[in-house]
Amino acid sequence: MSNKLLFVIPSSFYLEEYHKLIFNKIFPIDALQLSSYLKKKHTNIETNFIDIRFENRIKNSFLNNPNNGQFKEELVKLFEKNQIQNFNKIILNLTLSSQYLQADLIANILKKEFNDLKIIVCGYHPTAIPENYLYKKSPYDFLILGEPEETLNKLIKSKKSISSGQNNGPKVLHSEQLVDLNTIPLPDFHTYLKKYPFKNNFNFTISMSRGCPYNCRFCRILKNGGLRNMKFDIFKEKFDKLKEIVLNYNKKKPKIVFNDQCFNSSQISKRVLNLITHDKLHDQFSFSCQTRAELILKYREQFKKAKMRIALGLESASKILLIEMNKTKNPTKYLEIFKEIINFYKKNNEMFCRLNILIGVPGETENTVNETLNFLKNNVSNNNIEIFPSLYSNEPFTNIYQNMKYYESKFGTKFIKEWWKIHSDPIKNSVLLKPSKNYSKKQLIGDFKDKFFPFIKNYEQISKIALIIWKIYYNKWYDELY
Ligand code: SF4
């Protein structure tokens, strides 16, 4: 019997335009990866996608008022139009906790309207908070915890009938076997782009590794399995295929982003930089990656030759917070390394670099924010360095989330535990109510929007429209707070 799998990609309810613009550029890469992997393993599999973000039937007004019946009505019509009766399994692979409310409503509607469908839920949020899926009359048939490729593969291979039922709750499957990266094909861009063939819209990504050897406490990556690498030849084969797709779809601005958590931790990163330089790929594509400051100093000339843009997580210049975040054990040396990198970019102003700053972690105060600002003022005067501040989002997979009591007692931090269940903008709700005793959310947003804006606008490649949208969003948010 052939297996027809439908990947449903939920958006998020109550999201404002500012974040839609950002999220709509991102491929649901985990779902695309699962699709290609399962097709490689099983010749009798067909897959397709429904990405709610791009379904015009589901209008914005329904996404801000999901319980008025129209969302349900249009969702059912959408699935009927997509011949839901031809599929036997629905897969909800949830990358963001902000998708939770919508994904859960979709699963409940589908189970009620199309009772024969088996619904499988997996991904970051279900792995972090399985209890969110284990409630009475849960619509899910299977809940996969951990990396899903191999478990889904076995589930599809299994000839036994499915023994879970809604009344007993989903069958919980623990992914014990991690996938060998050398067996993973290129994500299934082909099927997805057939359905959503938007030219010059998406950011194409590729990776050479999974995992990260570091352990920053605010980071939301799956920590199981440590760092795993791909062989160069396997990577190259996928890279060549991806280049063709990118040239076809993003003709205006061909760009490839390395999705590795830490580019230089990958064993083949040096060879990949040499490949880009040797084949002069930088004349055709722009490349970018994220990596660690400590690792790039000895590679800076190679980055320069490959014209690779790098993003570095400086996060903060507060020594207390750097230790608290487990970013480094030696903040003085850490900040010196950043100064050296900034000086390198000062001398090489045709190169571009991004410094990520994370504001609003537990323990943040007006003073720690000012320490970071002073570091930036004193060191970054060049406009080929983009300062990219973002607010700490209390994602459930982070070490911080798992140790909230510690921060409550040490700094007087105030968290909202299950912010993804609140019926309002999840991005705003994920930010801490109080990073520390004497620093409120209102002060945090005020400092963020007023004190960091001059740095953001200093970057020579930032668009005026992006700046205006940024300003409007944060000013409005600030006004809403009391
Ligand atoms: S923030 Fe970056 S360096 Fe730190 S654990 Fe996460 S991926 Fe690794």
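Strand 4 and strand 5 (residues 142-145) run parallel and are paired through two bridges. If you would like to find them in this predicted model, begin with the contacts themselves: Ile120 has Phe142 of strand 5 as its bridge partner, and Val121 is matched with Leu143 in strand 5. Strands of a sheet pair through backbone hydrogen bonds, either parallel or antiparallel.

Now turn to strand 3 (residues 89-94), which is joined to strand 4 by six bridges, again in the parallel sense. Val121 turns up here too, as the strand 4 bridge partner of Leu92. Val121 therefore has a bridge partner in strand 3, Leu92, and one in strand 5, Leu143, with parallel pairing throughout the sheet that holds these strands. How covered is strand 4 (residues 118-123)? Five of its six residues are buried, so the strand is mostly covered. The path from strand 3 to strand 4 is worth tracing as well: together with helix 5 (residues 100-113), these two strands make a right-handed β-α-β unit.

Stepping back, you can see where these pieces belong. They are part of an open sheet of six strands in the order 2-1-3-4-5-6, with parallel pairing. Its edges are strand 2 (45-51) and strand 6 (171-174); each has a single partner strand, so one side of each is left without a neighbour in the sheet. On average, neighbouring strands in this sheet are turned by 20° against each other, direction ignored.

Further along the chain there is another open sheet of six strands, also with parallel pairing, and its order is 7-10-11-12-13-14. Which strands stand at the edges here? They are strand 7 (204-206) and strand 14 (385-391), and because each has a single partner strand, one side of each lacks a neighbour in the sheet. The average turn between neighbouring strands of this sheet is 25°, direction ignored.

Let us walk in from the strand 7 edge. Strand 7 pairs with strand 10 (residues 255-258) in the parallel sense over three bridges, and Ile206 finds its strand 10 bridge partner in Phe258. Strand 10 is in turn joined to strand 11 (residues 286-291) by three bridges, with the two strands running parallel; here Val257 has Ser288 as its bridge partner. As with strands 3 and 4, a helix takes part in the connection: strand 10, helix 10 (residues 269-278) and strand 11 make a right-handed β-α-β unit.

Strand 10 also has a clear pattern in its side chains. In a regular strand the side chains alternate between the two faces of the sheet. Along strand 10, Ile256 and Phe258 point to one face and are buried, whereas Lys255 and Val257 point to the other and are not.

Next comes the ligand. Its surroundings are made up of Cys212, Tyr214, Asn215, Cys216, Cys219, Ile221, Gln261, Cys262, Arg292 and Gly313. By class, this shell has six nonpolar residues, three polar ones and one charged one.

Finally, consider the protein chain as a whole. Its secondary structure comes to 21 helices and 14 strands. The radius of gyration is 23 Å, close to the 23 Å that the globule rule gives for 482 residues, so the chain is as compact as a globular protein of that length. The C-alpha trace spans about 65 × 55 × 40 Å along its principal axes, and 37% of the 482 residues count as buried.

Definitions and conventions:
Residues are numbered from 1 along each chain as its sequence is written. This is a predicted model: local features need pLDDT of at least 70, side-chain atom pairs count only at pLDDT 80 or more; totals for chains, interfaces and linings use all residues. A residue is buried if 20 or more other C-beta atoms lie within 10 Å of its own, exposed if 12 or fewer, and partly exposed in between; C-beta atoms are placed from the backbone. Helices (H or I, at least four residues) and strands (E, at least two) are DSSP runs, numbered from the N terminus. Two strands pair if DSSP finds at least two bridges between them. A crossover is right-handed if, with the strands pointing away from the viewer, the path from the first strand over the helix to the second runs clockwise. A residue is near a molecule or strand if its C-beta atom, placed from the backbone, lies within 6 Å of it. Ala, Val, Leu, Ile, Met, Phe, Trp, Tyr, Cys and Pro count as nonpolar, Asp, Glu, Lys and Arg as charged, and the others, Gly among them, as polar. Axes are lines fitted to C-alpha atoms, for helices over the stretch in contact, and angles run from 0 to 180 degrees between N-to-C directions. The radius of gyration is taken over C-alpha atoms; the globule rule is 2.2 Å times the number of residues to the power 0.38.
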